[in-house]
Amino acid sequence: MSDVCEISNQLLAEFRKSAEVKHSGGKGVIREDALKAFLRDYLPKRYAVGQGEVISSNNDISGQLDIIIYDPYHCPALIISSSHAVYPIESVYGVISVKSSLSSAELE
């Protein structure tokens, strides 16, 4: 159980450090990067972590997604850069939107 607490404390420390950044976009990127690093360390190796958009077989494209968990072996990303990629929906297992604060209206 102490490992779980240590991991949680590390993520919380990254979140608190990022609070010193005044630019909201910069703050968000730091928080997204911390969560992506955590996921890369703890997800099974068959999953990868990226960011960008998801495209369906009907060519419907999502908006910008902070974190995308996908299977690079099943179906690789279609367009890849260091800061943005397009993933076919068939390879996506989940997405995460990183928020510094969340109201109940936004959650709904």
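What is the accessible surface of the protein chain, and which share of it belongs to carbon and sulfur atoms? The accessible surface comes to about 7400 Å², and 56% of it belongs to carbon and sulfur atoms.

## Model and confidence

The structure discussed here is a predicted model. The mean pLDDT of the protein chain is 85, and 94% of its residues reach 70 or more. Confidence varies along the chain: helix H1 (residues 2-18) has the lowest value, with a mean of 75, whereas E5 has the highest, at 95.

## Overall architecture

The secondary structure of the protein chain comprises three helices and five strands. Read along the sequence, these elements follow the pattern α-α-β-β-β-β-β-α. The C-alpha trace spans about 40 × 30 × 30 Å along its principal axes.

Of the 108 residues in the protein chain, 28% are buried. Among contacts between residues at least 6 apart in sequence, 47% join residues at least 24 apart. The chain carries 10 positive and 14 negative charges, and the mean positions of these two groups are 7 Å apart.

## Aromatic pairs

How many aromatic pairs does the model contain? The count comes to three aromatic pairs. One of them joins Phe38 and Tyr42, whose ring centres are 5.0 Å apart; their planes stand at 35 degrees, so the pair is tilted. That angle falls between the cut-offs, because planes under 30 degrees apart count as stacked and those over 60 as edge-to-face. Phe38 and Tyr42 are four residues apart in helix H2 (residues 24-42), which means that about one helical turn separates them. Phe38 counts as partly exposed, because its relative accessibility is 24% and the buried class requires a value under 20%.

Another pair is formed by Tyr47 and Tyr93. Their ring centres are 5.0 Å apart and their planes stand at 80 degrees, so this pair is edge-to-face. The pair links distant parts of the chain: Tyr47 is in the loop between H2 and strand E1 (48-55), Tyr93 is in strand E5 (residues 92-96), and their positions lie 46 residues apart in the numbering. Both rings belong to partly exposed residues, with a relative accessibility of 25% for Tyr47 and 48% for Tyr93.

## Helix H1 and its relation to Phe38

Gln10 is placed in helix H1, the element in which confidence is lowest. At 46% relative accessibility, Gln10 counts as partly exposed.

Which distance separates the C-alpha atoms of Gln10 and Phe38? They are 9.4 Å apart, although the two residues are 28 residues apart along the chain. Phe38 is also the residue whose ring pairs with that of Tyr42.

## Loop residues

Asn59 lies in the loop between E1 and strand E2 (65-70). Its phi is near 65 degrees, a positive value in a residue other than glycine. Is Asn59 buried or exposed? Asn59 is exposed, because its relative accessible area is 58% and the exposed class begins over 50%.

Ser81 is located in another part of the chain, in the loop between strand E3 (79-80) and strand E4 (85-88). With a relative accessible area of 39%, Ser81 is partly exposed. The C-alpha atoms of Ser81 and Gly50 are separated by 9.9 Å, and the two residues are 31 residues apart along the chain.

Notes. Residues are numbered from 1 along each chain as its sequence is written. This is a predicted model: local features need pLDDT of at least 70, side-chain atom pairs count only at pLDDT 80 or more; totals for chains, interfaces and linings use all residues. Side-chain values use heavy atoms; hydrogens and water are left out. Rings of Phe, Tyr and Trp (its six-membered ring) pair if their centres lie within 6.5 Å; planes under 30 degrees apart count as stacked, over 60 as edge-to-face and the rest as tilted. Helices (H or I, at least four residues) and strands (E, at least two) are DSSP runs, numbered from the N terminus. Buried means under 20% relative accessible area, exposed over 50%, partly exposed in between (1.4 Å probe, protein chains only). Contact means heavy atoms within 4.5 Å. Accessible areas come from the Shrake-Rupley method with a 1.4 Å probe; for residues, only the protein chains shown count as cover. Lys and Arg count as positive and Asp and Glu as negative; His and the chain ends are not counted. The place of a charge is taken as NZ of Lys, CZ of Arg, CG of Asp or CD of Glu. pLDDT is the predictor's confidence in each residue, from 0 to 100.
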